[in-house]
Amino acid sequence: MGESLYPNLENLNQVSGLATALLVIDMLNDFVSGRMKCGDAAKIIPKIKALTEVFRNKGLPVIYICDTHYPGVDRELELWGDHAIAGTWGAEVVDELKPQERDFLVRKRRYSGFFQTDLDLLLRELKVDRLALTGIDTNICVRHTAADAFFKGYRVAVVKDAVASWDGVEGNEKGINYMSEIYGAETLEAEEVEPGLEKGDRANP
Ligand code: ZN
């Protein structure tokens, strides 16, 4: 790492205390037990649930990123068939991970949580600079969200035991390695995620 061209901005970041948000991607009924079931999705629920509790207890944001499609309209459905249709059970977050009062929910119509959504605005208002990614599919929506996060300058951490893929264990691992190599993502176990500064620290650095 060279010397910063903007040392004052670095100090500003330290003072304002940018933080980590937990992203829970596409843990929806259709993908966990419904019409496009991913076999390994149910296995990661306990890890994600534990992380949501850690983040909530620290006063840090938990953000659900949810596929929500319009039938007969969304071009993505031509490729995959109908899934996560707006207003249906299939598009709802699974019961075990139901969003709580202070959580956020961002609806998307393509793979990336950033594409044509207000996720970037939300993260900037929350003063978040690092994303801990969980959910499915490692090689589709997690990966494209990681790509956009990287392009926009967010730091990305992929929680290895809290993501899953239709491509099975091997495909999951390949996807995690890709994000590590190409987007510089940290790869961590759920227990290793350091959520960063608490809200109190941010308010009173
Ligand atoms: Zn979709």
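With angles of 92 to 162° among the four donor atoms, the zinc ion occupies an irregular site in this predicted model. The protein donors are the OD atom of Asp 67, NE2 of His 69, OE of Glu 76 and NE2 of His 83, placed 2.0 to 2.1 Å from the zinc ion. The site does not count as tetrahedral because that class requires all angles to lie between 85 and 135 degrees, whereas the angles at the zinc ion reach 162°. Along the chain, the donors are spaced as D-x1-H-x6-E-x6-H. Burial was evaluated for two of these residues. His 69 has a relative accessibility of 0% and therefore counts as buried. Glu 76, with a relative accessible area of 8%, is likewise buried.

The chain as a whole contains eight helices and six strands. Read from the N terminus, its elements follow the order α-β-α-α-β-α-β-α-β-α-β-α-β-α. Of the 205 residues in the chain, 47% are buried. When contacts between residues at least 6 apart in sequence are considered, 77% of them link residues at least 24 apart.

In soluble globular proteins, nonpolar side chains tend to be buried together. In the present model, the largest nonpolar core comprises 33 residues, and the members that touch the most others are Met 27, Phe 55, Leu 97 and Ile 136. At least two residues of this core come from each of strand S1 (19-25), helix H2 (29-32), helix H3 (45-57), strand S2 (62-67), strand S4 (128-136) and strand S5 (155-164). Separate from it is a second core of 28 residues, whose members include Leu 123, Ile 140, Val 142 and Ala 146.

Ile 136 was examined further. Apart from neighbours within four places in sequence, the contacts of Ile 136 are Ile 25, Asp 26, Met 27, Phe 31, Cys 38, Ala 41, Ile 44, Cys 141, Val 142 and Ala 164. Among these partners, Met 27 is another of the core members with the most contacts to other members, and Val 142 belongs to the second core.

The backbone at Ile 136 is also notable. A cis peptide bond, with omega of about -15°, connects Ile 136 to Asp 137. Asp 137 is located in the loop between S4 and helix H6 (141-152). Most residues other than glycine have a negative phi, and most peptide bonds are trans. Two non-glycine residues with positive phi were also identified. Gln 116 has a phi of about 55° and is placed in the loop between strand S3 (104-108) and helix H5 (119-125). With a relative accessibility of 70%, Gln 116 counts as exposed. Lys 127, with a phi of about 60°, lies in the loop between H5 and S4. The relative accessible area of Lys 127 is 42%, so this residue is partly exposed.

Internal empty space was then considered. Rolling a probe the size of a water molecule over the atoms shows where empty space is left. One cavity of 30 Å³ or more is found in a search of the whole structure. The largest cavity has a volume of about 120 Å³. Its lining consists of 13 residues, and those nearest the centre of the cavity are Phe 31, Asp 67, Ile 140, Cys 141 and Trp 166. Of these lining residues, Asp 67 is also a donor of the zinc ion, Ile 140 is a member of the second core, and both Phe 31 and Cys 141 are in contact with Ile 136.

Note on methods: Residues are numbered from 1 along each chain as its sequence is written. This is a predicted model: local features need pLDDT of at least 70, side-chain atom pairs count only at pLDDT 80 or more; totals for chains, interfaces and linings use all residues. Side-chain values use heavy atoms; hydrogens and water are left out. A nonpolar core is a set of buried Ala, Val, Leu, Ile, Met, Phe, Trp, Tyr and Cys residues joined through side-chain atoms within 4.5 Å. Buried means under 20% relative accessible area, exposed over 50%, partly exposed in between (1.4 Å probe, protein chains only). Helices (H or I, at least four residues) and strands (E, at least two) are DSSP runs, numbered from the N terminus. Contact means heavy atoms within 4.5 Å. Donors are N, O and S atoms within 2.8 Å of the metal (3.2 Å for Na, K and Ca); water is not among the atoms, so sites may look incomplete. Four donors count as tetrahedral if all angles lie between 85 and 135 degrees; four count as square planar and six as octahedral if opposite donors are over 155 degrees apart and all others between 65 and 115; anything else is irregular. On a 1 Å grid over the protein atoms alone, a cavity is a set of points where a 1.4 Å probe fits but cannot get out, and a pocket is an open set with protein on both sides within 12 Å along at least five of seven lines; lining residues have an atom within 4 Å of a point. Grid points are joined across faces, edges and corners, and a volume is the space filled by probe spheres set on the points.
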